[in-house]
Amino acid sequence: MSALSRFEQFMEHMVEGSVARLFRSPVQPVEIARRLERAMESQQSIGVKRVIVPSFYKAYLNPQDYAAFQPVRAQLEQEMATYLSELAGERGFAMLEHPRVVLGEDPAVPKRGIQVVAEMTNTSGAEATQVISATTPSPAPARRSHALLLLQAPGGPQPIPVESTTVTLGRGLGNDVILEDTRVSRHHAQLRYKQRRFWITDLGSTNGTFINGQRVTETALRDGDVISLGGLELTFRDS
């Protein structure tokens, strides 16, 4: 049985347990679960051996919608956390800690709306935070690029899309691309789009940044260039 099927079965049992009024709410529990799933999917940090997703989620509702969930809030939060844990397992994702879900109210959220904030951990609110809104589409990246990095992983090349005009690479969790390799510094290098092409800048790394075997401080990238971060190789592709 899939994680979603188990969650839906749990909600059916709740209805039998006299909390059917939840299903008369304009916002359904499964809708919240789906929003949490979207937040997980969109907030992936790709490492060498695993894909890390957030473990802390806040789901905000309009106060009128939230009122229907308040009597069973703790039970729902626990079950939604279990759902995300099982979903991560099904999709091969890793979490830095057991997931936690918090339901809250916010007058700024419109009725029937759901706003989710996903964070890597509950102790570093500034790290890797993304907001998913039920009523407002996510902003488009500043440049619609087909650029990507191909990571030479044991299972074959692993594509990492370059979806922003500025992308940092390193072992630290605050990076846009997390590379779990001891040869890579916590804040190793940065990709930046300028003058109609991507440039790479070394951020004072210990083992250096190399392009096609040559150590660089900053240089423009071309399609097919091989980037080496202290020995970890990625191929830059830009079509």
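Reader: Quick one to start: which residue in S12 does Val167 stand opposite?
Author: Leu191 is the residue opposite Val167. Keep in mind that this is a predicted model.

Reader: Sure. How many bridges join S10 to S12, and which way do the strands run?
Author: Four bridges join them, and strand S10 (residues 166-170) runs antiparallel to strand S12 (residues 189-194).

Reader: And what about S12 and S13, how many bridges there?
Author: Six bridges, again in the antiparallel sense, with S13 covering residues 197-202. As one example, Ala189 has Asp202 of S13 opposite.

Reader: What's in the turn of that hairpin, and which residue there has a positive phi?
Author: Two residues sit between S12 and S13, and Gln195 takes the positive phi, near 55°.

Reader: Switching to rings. How many aromatic pairs does the structure hold?
Author: Two. In one aromatic pair, Phe198 and Phe236 are arranged edge-to-face, with 6.1 Å centre to centre and 70° between the planes.

Reader: Why call that edge-to-face?
Author: Because planes over 60 degrees apart count as edge-to-face, and here the angle is 70°.

Reader: Where do those two Phe residues sit in the chain?
Author: Phe198 is in strand S13 and Phe236 is in strand S18 (residues 232-237). They are 38 residues apart, so the pair links distant parts of the chain.

Reader: OK, helices now. At what angle do H2 and H4 pack, and how far apart are the axes?
Author: The angle between H2 (residues 29-42) and H4 (residues 73-90) is about 45°, and the axes are 11 Å apart. That makes H2 oblique to H4.

Reader: Is the crossing left-handed or right-handed?
Author: H2 and H4 cross in the right-handed sense.

Reader: Which residues make the contact?
Author: H2 brings Pro29, Ile32, Ala33, Leu36, Glu37 and Met40. From H4 come Leu76, Met80, Tyr83, Leu84, Leu87 and Ala88.

Reader: How many of the contact residues are nonpolar, polar and charged?
Author: Eleven are nonpolar, none is polar and one is charged.

Reader: Last topic, the sheet with S1. What's the strand order?
Author: The order is S1-S2-S4, an open sheet of three strands with mixed pairing.

Reader: Which strands stand at the edges?
Author: S1 (45-46) and S4 (93-94) do. Each has a single partner strand, so one side of each is left without a neighbour in the sheet.

Reader: How does S1 pair with S2?
Author: In the antiparallel sense, over two bridges, with S2 at residues 51-52. Ser45 has Ile52 of S2 as bridge partner.

Key
Residues numbered from 1 in each chain as written. Predicted model: local features only at pLDDT ≥ 70, side-chain atom pairs only at ≥ 80, totals over all residues. Heavy atoms only, no water. Axes fitted to C-alpha atoms, helices over the stretch in contact; angles between N-to-C directions. Parallel < 35°, antiparallel > 145°, perpendicular 65-115°, else oblique. Left-handed = near helix turned anticlockwise from the far one by under 90°. Contact = heavy atoms within 4.5 Å. Nonpolar A, V, L, I, M, F, W, Y, C, P; charged D, E, K, R; others polar. Pairing = 2+ DSSP bridges. Phe/Tyr/Trp six-rings, centres within 6.5 Å; stacked < 30°, edge-to-face > 60°.
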